[in-house]
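User: I'm new to this structure and would like a close look at one part of it. Please show me the empty spaces and the parts of the chain that surround them.

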Amino acid sequence: MIDKVLTLLPICEPEYASGVVGQNYFRSAYRTTSQRLFEVSVEQRSEEGDRVRVAEVTPAIVPVLDNDYNEQALAVVLPEEDGSVRLENQIGWLPDRRCATLQPRVVSLMRATNAYVGAAGTASYWWSGRQWDQSNPKLRLRIAQWEDVHRAAIEIARRAEPDVEQPWVGHYAPLTDLARRLYSEGRGRSEADLLRVRYEIVDDALVATANDEIVTDMTRSGRDFFDLLRARVEKQGAVWGWVRLHQGAVEVRTEERP
């Protein structure tokens, strides 16, 4: 059972940290969290000379694949004092612009390490002139740019799953009759239900198979999207991976960058 944060995303410089949005939807958890963090915060001076108290935080970044608004949503959940992660302690969301690139990596890391993925950050409280404002700390998460996250995540996941092609970016390939049938059955259509396949070379063609039947033939795409995947299969043999089915194509999830 996954219940602890054991894997941390690479960090960026403080000035490039990401904010957290949607705290108003989680007022009870946010209020409790704010008070707990204030108790462990340390007073400092800002660059402008203002009084500020800062607490180090390491929230879990949790994929919410059934989110109706954004299927790539990432929840920000502050762990309990013993390190356990309870989803009722969600205090906000990562901005959508970060979720599109981060979510595939977070999902891969959770599966490979069987642990929640966390992000280093800070909660800052400001002096009003009379008292500390404990109700609304400024949360900033130091998550590196996607290239750095991608590189680190692949290294971690590869060590845990050496025979798996990690689902980072999708390129499209033709449907087979099997893929059409699976799509009509409602399988492999969403992020929460990616279809597990085996990438292998059959009669000199790079294909994805499920139960020994071909889901898509990537050689027929006529592009170089799958050159790195083919090179890996040629070098080490068949590898496992994931695809997503669309009405007109198979979205093959590969490690190479777009």
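Analyst: A word on the names first: helices and strands here are DSSP runs, a helix having at least four residues (H or I) and a strand at least two (E), and both are numbered from the N terminus. Please also keep in mind that this is a predicted model.

Let's begin with the whole chain. Its secondary structure comes to five helices and 16 strands, and the C-alpha atoms fill a box of roughly 75 × 35 × 30 Å along the principal axes. Of the 258 residues, 49% are buried. Among contacts with a separation of 6 or more, 70% join residues that are 24 or more positions apart.

Now to the spaces. The largest pocket holds about 680 Å³ of space. Its lining has 22 residues, and the ones nearest the centre are Pro14, Val54, Thr122, Ser124 and Arg140. Four strands each bring at least two residues to this lining: strand 3 (42-45), strand 4 (51-57), strand 9 (121-126) and strand 10 (138-141). By class, the lining divides into eight nonpolar, six polar and eight charged residues.

The second largest pocket has a volume of about 280 Å³. It is lined by 13 residues, with Leu65, Val107, Arg111, Glu191 and Ala192 closest to the centre. Helix 2 provides the largest share of that lining, five residues. The classes here are nine nonpolar, one polar and three charged.

There is also an enclosed space to visit. The count gives one cavity of 30 Å³ or more, and the largest cavity has a volume of about 30 Å³. Its lining is made of Thr33, Leu37, Val57, Pro59, Val76, Leu78, Ile91, Leu139 and Leu141. Eight of these lining residues are nonpolar and one is polar, with no charged residue. Helix 1 (27-40) and strand 10 each supply at least two of them. You have already met strand 10, as it also gives at least two residues to the lining of the largest pocket.

Leu141 is a good residue to follow from here. Besides lining the largest cavity, Leu141 is one of the residues with the most contacts inside the largest nonpolar core, along with Ile61, Leu94 and Ile143; this core has 39 residues. The element that gives the most to it is helix 2 (residues 96-113), with five residues. That is the helix we saw at the second largest pocket. Leaving aside residues up to four places away in sequence, Leu141 touches Ala17, Ser18, Val20, Pro59, Ile61, Val76, Leu94, Ala119, Ala120 and Gly121. A second, separate core has 21 residues, including Leu182, Ala210, Val233 and Val243.

Val233 takes us to a last stop, helix 5 (residues 227-236), where Leu229, Arg230, Arg232 and Val233 are buried. They lie on the same side of helix 5 because they cover an arc of only 160° around the axis. An α-helix has 3.6 residues a turn, so residues three or four places apart point the same way. Leu228, Glu234 and Lys235, on the other side of helix 5, are exposed. Among the elements covering the buried residues are helix 3 (146-160), strand 12 (195-202), strand 13 (205-210), strand 15 (239-245) and strand 16 (250-254). Just past the end of helix 5, Gly237 has a positive phi of about 95°.

Terms used. Residues numbered from 1 in each chain as written. Predicted model: local features only at pLDDT ≥ 70, side-chain atom pairs only at ≥ 80, totals over all residues. Heavy atoms only, no water. Core = buried A, V, L, I, M, F, W, Y, C linked by side-chain atoms within 4.5 Å. Buried < 20%, exposed > 50% of the residue type's maximum accessible area, 1.4 Å probe, protein only. Contact = heavy atoms within 4.5 Å. Arc of directions from axis to C-beta. 1 Å grid on protein atoms, 1.4 Å probe; cavity = no way out; pocket = protein on both sides within 12 Å on 5 of 7 lines; lining within 4 Å. Points joined across faces, edges and corners; volume = space filled by probe spheres on them. Nonpolar A, V, L, I, M, F, W, Y, C, P; charged D, E, K, R; others polar.
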